[in-house]
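Student: I'd like a close look at one part of this model, taken slowly. After that, please work outwards from there to whatever else you can tie in.

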Amino acid sequence: MAENLNLLTSTQEVIKEALNKLGYDEAMYELLKEPLRLLKVRIPVKMDDGTTKVFTGFRAQHSDAVGPTKGGIRFHPDVTEEEVKALSMWMTLKCGIVDLPYGGGKGGIVCDPRQMSMGELERLSRGYVRAVSQIVGPTKDIPAPDVFTNAQIMAWMMDEYSRMDEFNSPGFITGKPIVLGGSQGRDRATAEGVTIVIQEAAKKRGIDIKGARVVIQGFGNAGSFLAKFMSDLGAKVIGISDAYGALYDPEGLDIDYLLDRRDSFGTVTTLFESTITNKELLELDCDILVPAAIENQITAENAHNIKAQIVVEAANGPTTAEATKILTERGILLVPDVLASAGGVTVSYFEWVQNNQGYYWSKEEVREKLHKKMVDAFENVYNTAQSRNINMRLAAYMVGVRRTAEASRFRGWV
Ligand code: NAD
């Protein structure tokens, strides 16, 4: 039978199993197997050449049982309704795992920002906010950046919402520039969170980060900051990659040089002649492997060839259900995406809290609070996996979904 590569159905399967283990009945699964709300919008945008192009966008709100929903907006040609739904469900899990008073949300627009001018991107961003304005807001649903969206796009969106609200509303969106109420450390929060869980996982496996051989797939926001943090900690980053290929040096790559040369879309390998493939990269002999690019990279096909002792998912959905089983059976410690990449939403929450109170924290305060959240989350998931003798993904789903299920029950929904 062919492997299930569908992100929505594979997420539903684990949620079902997690709810089952927590003792909830079928009705709770029926409530949580899909987002509560999904808005599909059409956004007309005046293009630079005078024509009008109509874009399709989505906003999914998985559950608002715990609090307002929260999650990024993705600009990508491959965005689909199904993907946005699955991503909103992962946000519920992430918020549950790091204990934030939110449910999961997610948005997306089918577009290719690499082919659009700044003016077109601004009009599209503002048009999206107008289109979804009825269901979003600082106490309803708080967006953030995701793939191919950044602080500038968040600034336009915040400005558009503030105009409609006739009030400055920084708490409408997170990931803003610092001068507009952004938080210190938000841009590197995901990679910092991944670094913290790598350190915790390494302790469990008795691996010294100093000198540990690390391979990272993807050299974008998550992967490149992570490579820098790991090499600053004394690890040997022996492999990195982008969409066009991978670089390998058993003695450790010069990360500062690569950071200096990469472009804004995370491309750097095209500057080198001697490269390996992404497939070869994943199978390199190393201690720690971090997929930080796209989904479905570790599958039943290559899971037997992974040589790392620890796999930490910085990307969303890089390992299939079948591969999760194989890695676990082989004794590899897999730190799942919903735990490993929760640093981004954690500092987004800190940004929202700072916006709401109008009082801003230092870089050190943010870092310290993030550290505590990630270490507590790792311990909670790890201990759940150990005590119940289950894999880390199922344990993370159990920890992540529990609060939303409990809140739904207390509200009398199920
Ligand atoms: P990005 O767009 O900044 O970078 C993506 C990187 O992956 C680039 O280097 C790109 O060249 C590479 N890539 C693209 N297609 C590839 C392919 N087929 N094979 C190998 N490499 C490929 O994105 P990002 O923000 O770094 O996000 C990466 C992953 O991390 C995504 O799954 C994203 O959902 C997840 N994530 C990111 C954040 C965040 O705050 N940035 C938070 C949580 C999760």
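Tutor: We'll begin with one sheet, go on to its surroundings, and finish further along the chain.

A quick word on the ground rules: this is a predicted model, so local features need pLDDT of at least 70 and side-chain atom pairs count only at pLDDT 80 or more, while totals for chains, interfaces and linings use all residues. Residues are numbered from 1 along each chain as its sequence is written, and side-chain values use heavy atoms, with hydrogens and water left out.

The part to look at is an open sheet of five strands, running S1-S2-S4-S3-S5, with mixed pairing. Strands here are DSSP runs (E, at least two residues), as are helices (H or I, at least four), both numbered from the N terminus. Two strands pair if DSSP finds at least two bridges between them. Look at the edges: S1 (37-46) and S5 (141-145) each have a single partner strand, so one side of each is left without a neighbour in the sheet. Across the sheet, neighbouring strands are turned by 25° against each other on average, direction ignored.

Now zoom in on the S1 end. The partner there is S2 (residues 52-61), and the two strands run antiparallel, joined over 10 bridges. If you want a spot to click on, Val45 sits opposite Lys53 in S2. Five residues lie between the strands of this S1 and S2 hairpin, and Gly50 has a positive phi there, near 95°.

Move over to S3 (residues 69-76) and the pairing sense is parallel: S3 shares six bridges with S4 (residues 103-110). Pick Arg74 and you'll find Gly108 as its bridge partner in S4. S3 is also mostly covered, with eight of its eight residues buried (under 20% relative accessible area; over 50% is exposed and anything in between partly exposed, with a 1.4 Å probe and protein chains only).

Leave S3 in the direction of helix H3 and you cross a loop that holds Asp78. Unlike the buried S3, Asp78 counts as exposed because its relative accessible area is 53%. The loop leads to H3 (residues 81-97), whose axis comes within 8 Å of the axis of H1 (residues 7-21), crossing at roughly 30°. Axes are lines fitted to C-alpha atoms, for helices over the stretch in contact, and angles run from 0 to 180 degrees between N-to-C directions. On the H1 side, the residues that touch (heavy atoms within 4.5 Å) are Leu7, Leu8, Thr11, Gln12 and Ile15, and they meet Glu82, Lys85, Ala86, Met89 and Trp90 in H3.

Asp78 also gives us a way to jump along the chain: Ile240 is 162 residues away in sequence and 24 Å away in space, C-alpha to C-alpha. Ile240 belongs to S7, where it is the bridge partner of Ile216. That bridge lies in the parallel pairing of S6 (residues 213-217) with S7 (residues 236-242), which has five bridges.

These two strands are part of another open, mixed sheet, with six strands ordered S8-S7-S6-S9-S10-S11. The edge strands here are S8 (245-248) and S11 (333-335), each pairing on one side only. The twist averages 15° from one strand to the next. Helix H6 (residues 189-204) packs on this sheet, touching S9 (288-291), S10 (310-312) and S11, and its direction makes about 160° with that of S10.

Last stop: helix H13 (residues 363-388), where Asn380 is found. Asn380 has a relative accessibility of 38%, so it counts as partly exposed. From Asn380 to Leu282 the separation is 98 residues in sequence and 28 Å in space, C-alpha to C-alpha. H13 packs against H14 (residues 392-410) at an angle of about 120°, with the axes 8 Å apart. Asn380 is in that contact too: the H13 residues include Phe378, Asn380, Val381 and Tyr382, and among those they meet in H14 are Met392, Ala395 and Met398.
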